[in-house]
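Here are my notes on this one, as numbered points. Have the model open while you read.

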Amino acid sequence: MRSALSRAKARVALLGELEEAMRRSSAQGVLYGQTVANVAGIANSDLECMDILYLEGRVTAGRLAEVTGLTTGAITGVVDRLEKAGLVRRERDENDRRKVFIAVVPETAMKIGELYVPMQQAMEKVWSAYSDEELRLLLRFANEGYKGVLAATAALKGLIDTPPEKRPDLKLKKRPGRI
């Protein structure tokens, strides 16, 4: 009985350490991105939209709104700013001229990409210490974590859209050694 209790306590402590490490990594990633955005002369949120465009490929403003959770009006502003900075361009669909795609301008995006070389090199150094099996586990963790963040974002939006008097009373879990 006692060893089961100590294992449970050890797991709670381990989960707390993992949460803290992920929060630190996430915060530092945001700060790194903010530095890149500052150098590029754009807002951090615009840079994140740019990254999503890079990952998604050529998409409509509607799709970009869907993926980011921003309104189509907000996306219009983002695209206007990115276009003004020379990072994206609007392209009309060849078959339906009413349809407009947003596409990354590769030459300009490469200049921003160069600012990520130190991050890429640092991560490659970290990853080189892991076996292929461990890397597959990390990949699974990253993919499942992404799905978790998507679900949490949807839940938060639902909470925000709920009148304050009807929102559930949310409480953070207390971790050992914390207030």
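1. M22 sits in helix 1, where helices are DSSP runs of H or I with at least four residues, numbered from the N terminus. M22 comes out as partly exposed, at a relative accessible area of 39%. On that scale, buried means under 20% relative accessible area, exposed means over 50%, and partly exposed is in between, with a 1.4 Å probe and protein chains only.

2. Before going on, the ground rules: this is a predicted model, in which local features need pLDDT of at least 70, side-chain atom pairs count only at pLDDT 80 or more, and totals for chains, interfaces and linings use all residues. Residues are numbered from 1 along each chain as its sequence is written, and side-chain values use heavy atoms, with hydrogens and water left out.

3. Which residues join M22 in the nonpolar surface patch? They are L15, L18 and F141, and the patch covers about 340 Å². Helix 1 (residues 2–40) gives the most to it, with 3 residues. For the record, a patch takes residues with over 30% relative accessible area and no salt bridge, joining nonpolar side chains (Val, Leu, Ile, Met, Phe, Trp, Tyr) within 5 Å and like charges within 9 Å. The areas come from the Shrake-Rupley method with a 1.4 Å probe, and for residues only the protein chains shown count as cover.

4. Next, a helix pair. Helix 2 (residues 44–56) packs with helix 3 (residues 61–68) at an angle of about 110 degrees, the axes being 11 Å apart. That makes the two helices, helix 2 and helix 3, roughly perpendicular; the label covers 65 to 115 degrees, while under 35 is roughly parallel, over 145 roughly antiparallel and the rest oblique. Axes here are lines fitted to C-alpha atoms, for helices over the stretch in contact, with angles from 0 to 180 degrees between N-to-C directions. The crossing of helix 2 and helix 3 is right-handed, meaning that the near helix is turned clockwise from the far one by less than a right angle, and anticlockwise would be left-handed.

5. Look at the salt bridges around R63. A salt bridge needs a side-chain nitrogen of Lys or Arg within 4 Å of a carboxyl oxygen of Asp or Glu. R63 pairs with E56 at 3.2 Å, N to O, and also with E66 at 2.8 Å, N to O. E56, R63 and E66 thus appear as a network of salt bridges. R63 and E66 are 3 residues apart in helix 3, so about one helical turn separates them.

6. How accessible are the members of that network? E56 is partly exposed at 37% relative accessible area, and R63 is partly exposed at 32%. E66 counts as exposed, at 58% relative accessibility.

7. The whole structure holds 11 salt bridges. Another one to check is R98 with D96, where the closest N and O atoms are 3.1 Å apart. R98 counts as exposed at 72% relative accessibility, whereas D96 is partly exposed at 28%.

8. Two loop residues are worth a click. L70 is in the loop between helix 3 and helix 4 (72–84) and is partly exposed at 35% relative accessibility. L70 and C49 are 21 residues apart in sequence, with 9.9 Å from C-alpha to C-alpha. L115 is in the loop between helix 5 (106–114) and helix 6 (117–127), and is partly exposed with a relative accessible area of 30%. L115 and Y32 are 83 residues apart in sequence and 9.7 Å apart in space, C-alpha to C-alpha.

9. Is V78 buried or exposed? At 3% relative accessibility, V78 counts as buried. V78 lies in helix 4, and its C-alpha atom is separated by 11 Å from that of N44, 34 residues apart along the chain.
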